[in-house]
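User: I am in my first year and would like a close look at one helix and what surrounds the question of its length and burial. Could you take me through it slowly, with each term explained?

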Amino acid sequence: MIIISLSTGVCIVLLVALIGFLHKVWWTPIRIQNVMRLQGIKGPAYRLLHGNTKEIIQMREESISNAMDFSSHDVFQRIMPHIHAWKKLYGKNYLIWHGPQAQLVVTESELIKEILNNKDGKYLKGKLDVISKKLIGEGIIFTEGEKWLKLRKIANHAFYAESLKGMIPAMIASVETMLERWRQNEEKEIDVYKESRLLTAEVISRTAFGSSYLEGENIFDMLTKLGMIAARNDFRIRFPGMEKFFKLRDDLESDKIEQAIRESIIGMIDKRAEKMRRGEENNYGSDFLGSLIKANHDPDEKNRISIDDMADECKTFYLAGQETTNGVLAWSIFLLAIHKDWQEKARKEVIELFGHENPNSEGIARLKTVSII
């Protein structure tokens with residue numbers, strides 16, 4: 001009787017688990033899909049377990065397998081072929097599936113404004129996948145409420161007009177270093193994307209963290225590696241709790257990189273704090289790193305941030321500042337290489353305003369052509 005009871009109990013537990021699993025991966029997605037269709041929101045059909053991820057991966061692979069047409073600036077369909085195709089098929093707003101998780105794609109401008117304004121706080125920030133969370137952490141981008149306000153206040157300091165003006169000498173020094181490197185390789189091809197990456201990394205290291213690129217180079221390289229791992233796992237479907245029992249190679253590698261990044265950032269923080277303790281610095285510094293350390297030592301516990309918060313904010317600042325500016329800078333140089341007439345207009349304007357002197361904050365504000373570019 002005991003053996004029969006145990007067997008029956010196991011069967012019941014397995015049956016309940018199976019029902020719960022099917023409810024999550026089949027019944028709920030089908031119900032959501034039908035409800036949205038009744039409201040006029042359509043989209044590609046849900047596929048069991050993987051949703052639309054296989055279709056997206058295939059469309060993206062086909063898109064980048066072809067040579068890019070440089071005569072056209074319409075790059076959206078190459079970078080996001082699934083959105084480009086499905087928008088035509090299903091309208092400006094449609095439903096897609098990341099595994100059993102429904103995602104509403106909104107491309108209608110007025111609705112986008114409403115979502116981004118989020119006056120009533122109805123639109124919550126999405127949750128990051130496991131590897132992306134290691135990359136960005138729980139910094140200002142994905143934080144809400146009181147913690148967001150606290151981190152936003154610290155970040156704002158870095159973008160005050162006076163703070164930005166004070167960064168110009170460091171930016172000029174970084175550009176001069178890059179130009180000198182170019183002069184030494186006049187007859188060789190230059191990888192513009194790599195060079196803009198080096199430049200933006202150097203500027204951020206100097207202005208936000210008070211260090212040279214060499215000191216922050218290891219952090220940038222590790223963030224780049226972790227970003228590549230996150231990108232190739234973007235459409236990977238995970239089952240809740242699976243990583244507790246079984247980890248793939250990318251999971252293990254990302255764990256190691258995340259820990260190494262954290263240790264490097266904490267080392268940079270400790271180095272700054274130690275200088276102050278030894279009397280080499282009067283305060284923690286006026287840059288972004290100094291603001292974080294000051295907040296970590298705030299006497300008011302409500303305003304204080306943890307070491308983990310500091311590490312996450314450093315990662316966010318490195319990534320948000322470097323990757324975005326790097327991409328825009330490289331793309332702008334690429335377009336100027338194609339459209340030499342704009343290159344000449346920009347050169348003429350810069351020489352008229354500054355001659356052969358380095359730019360200054362007052363003159364930069366008067367650069368109309370360069371601002372358009």
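Analyst: What follows looks closely at helix H12 and then sets it beside the whole chain. This is a predicted model, in which local features need pLDDT of at least 70 and side-chain atom pairs count only at pLDDT 80 or more, while totals for chains, interfaces and linings use all residues. Residues are numbered from 1 along each chain as its sequence is written, and side-chain values use heavy atoms, with hydrogens and water left out.

Helices (H or I, at least four residues) and strands (E, at least two) are DSSP runs, numbered from the N terminus, and the protein chain has 17 helices and 2 strands. Helix H12 covers residues 249-277, and its 29 residues should span 42 Å at 1.5 Å a residue, which agrees with the 42 Å between its end C-alpha atoms; the expected span is 1.5 Å times one less than the number of residues.

Buried means under 20% relative accessible area, exposed over 50% and partly exposed in between, with a 1.4 Å probe and protein chains only. In H12 the buried residues are Asp250, Asp251, Ser254, Ile257, Ile261, Ile265, Ile266, Met268, Ile269, Arg272 and Ala273. After H12 comes Gly279, which has a positive phi near 85°.

For the wider setting, 31% of the 373 residues of the protein chain count as buried, and the C-alpha atoms of the protein chain fill a box of roughly 90 × 60 × 45 Å along the principal axes. Among contacts (heavy atoms within 4.5 Å) between residues at least 6 apart in sequence, 58% join residues at least 24 apart.
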